[in-house]
Amino acid sequence: MASPALLMRVVASAYSVAEKAATIVRNVMAAGDLGIVEKTGANDLQTKADRLVQMSICASLARKFPKVTIIGEEELSTDEVTEELIEDGHCEEILKKTCPAQYTGIKEEELVIWVDPLDGTKEYTEGLLDHVTVLIGIAYGGKAIAGVINQPYYNYEAGSGAVLGRTIWGVLGIGAFGFQLTEAPAGKHIIVTTRSHSSTLVNDCISALNPDSVIRVGGAGNKIIQLIEGKASAYVYASPGCKKWDTCAPEAILHAVGGKITDIHGNSFQYNKEVKHMNSAGVLATLRNYDYYASRIPNTVKQSLVP
């Protein structure tokens, strides 16, 4: 049998690397010293978990796939990576899946991996653990084509005997796995948006959509999970705060199940290595009925957000 295509090997490794990352996240929390540093202010934090997880993910993937470009959120040197941070495993189940034909010839140097070691850092420091995700997005030709989202604390409210954490993964043309795909209640407009980065513009945009309810949670990964599990019908964020490493993995998973994510103007995100990191024109994402929400974004909001 031919060896699995590069893309499937990268995704299978990213799966194991994300599981290792979740263990690091839980260990840092359990040890009690989060090592919090403010980056640009009180809502932009970095913890010891962000730092260790990024080193673990980037070093582990770079060792196996040296020519892949890996872009992580935190500015760190990879010199001090200790052996115990390296994850060498892979998920066998992923390697058994057939790589979609359009991706079989991909070379290492054509892939860009976008890493958010801990999405929802502020919520992590406040103990809102179900908001936290580890994001590894894989892009080719500027498009997000595969992604891994780990929730280190999935199930944490189920009591001491429960298995903590889960890993969701997806590849365009194969689908997404590790969760139960559910559509939001028909006819209900439930919007999920930011919890800690709100603004007048964010709120004006949401009111214009006249939602039945609004869910405010941390983390872009967590918001996309709300969509694919049917808890929300649209993710709307009319602000420039989100970055490419926040959206790459969630986008691949959402697109793999037929959803759609763009900026507020309806433009696709680009993930080639030269691209600017900021998604300056906000985010609009849905599992279904994208056009309904897109057509209701006020022009005043669009004019305020320049792509």
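These are my notebook entries on the helices, sheets and pockets of a predicted model.

**Ground rules**

I number residues from 1 along each chain as its sequence is written, and side-chain values use heavy atoms, with hydrogens and water left out. Since this is a predicted model, local features need pLDDT of at least 70 and side-chain atom pairs count only at pLDDT 80 or more, while totals for chains, interfaces and linings use all residues.

**Entry: helix 1**

I began with helix 1, residues 6-31 (helices are DSSP runs of H or I with at least four residues, strands are runs of E with at least two, both numbered from the N terminus). Its 26 residues should span 38 Å at 1.5 Å a residue, and the end C-alpha atoms are 37 Å apart, which agrees. The expected span is 1.5 Å times one less than the number of residues. Just after helix 1 I found glycine 32 with a positive phi of about 90°.

**Entry: the six-stranded sheet**

In what order do the six strands of this open sheet run? I read 3-4-5-6-7-8, with mixed pairing; two strands pair if DSSP finds at least two bridges between them. Strand 3 (69-72) and strand 8 (175-177) are the edge strands, each paired on one side only. Neighbouring strands are turned by 15° against each other on average, direction ignored. (Axes are lines fitted to C-alpha atoms, for helices over the stretch in contact, and angles run from 0 to 180 degrees between N-to-C directions.)

I looked at one pair: strand 3 and strand 4 run parallel and are joined by four bridges. Isoleucine 70 stands opposite isoleucine 113 of strand 4.

Then the helices: helix 2 (residues 48-64) lies across strand 3, strand 4 and strand 5, at about 155° to strand 4. Helix 7 packs on the sheet too, touching strands 3, 4, 5, 6, 7 and 8 (contact means heavy atoms within 4.5 Å). The direction of helix 7 makes about 100° with that of strand 6.

**Entry: the five-stranded sheet**

This open sheet has the order 10-9-11-13-12, again with mixed pairing. Strand 10 (213-217) and strand 12 (260-262) each have a single partner strand, so one side of each is left without a neighbour in the sheet. The average turn between neighbouring strands is 20°, direction ignored.

Strand 12 and strand 13 run antiparallel, with three bridges between them. Threonine 262 has leucine 284 in strand 13 as its bridge partner.

Helix 5 (residues 200-208) touches strand 9, strand 10 and strand 11, and its direction makes about 175° with that of strand 9. Helix 7 turned up here as well, lying across strand 12 and strand 13 at about 145° to strand 12.

**Entry: pockets**

On a 1 Å grid over the protein atoms alone, a pocket is an open set of points where a 1.4 Å probe fits, with protein on both sides within 12 Å along at least five of seven lines; lining residues have an atom within 4 Å of a point. Volume is the space filled by probe spheres set on the points, which are joined across faces, edges and corners.

Which residues lie nearest the centre of the largest pocket? They are Asp44, Glu73, His197, Gly241 and Lys243, out of 34 lining residues. The pocket holds about 700 Å³ of space. Elements giving two or more residues to its lining include strand 4, helix 6 and helix 7.

The second largest pocket has a volume of about 240 Å³. Its 13 lining residues include Asp130 and Tyr154, both among the closest to its centre. Helix 6 gives the most to this lining, with three residues.
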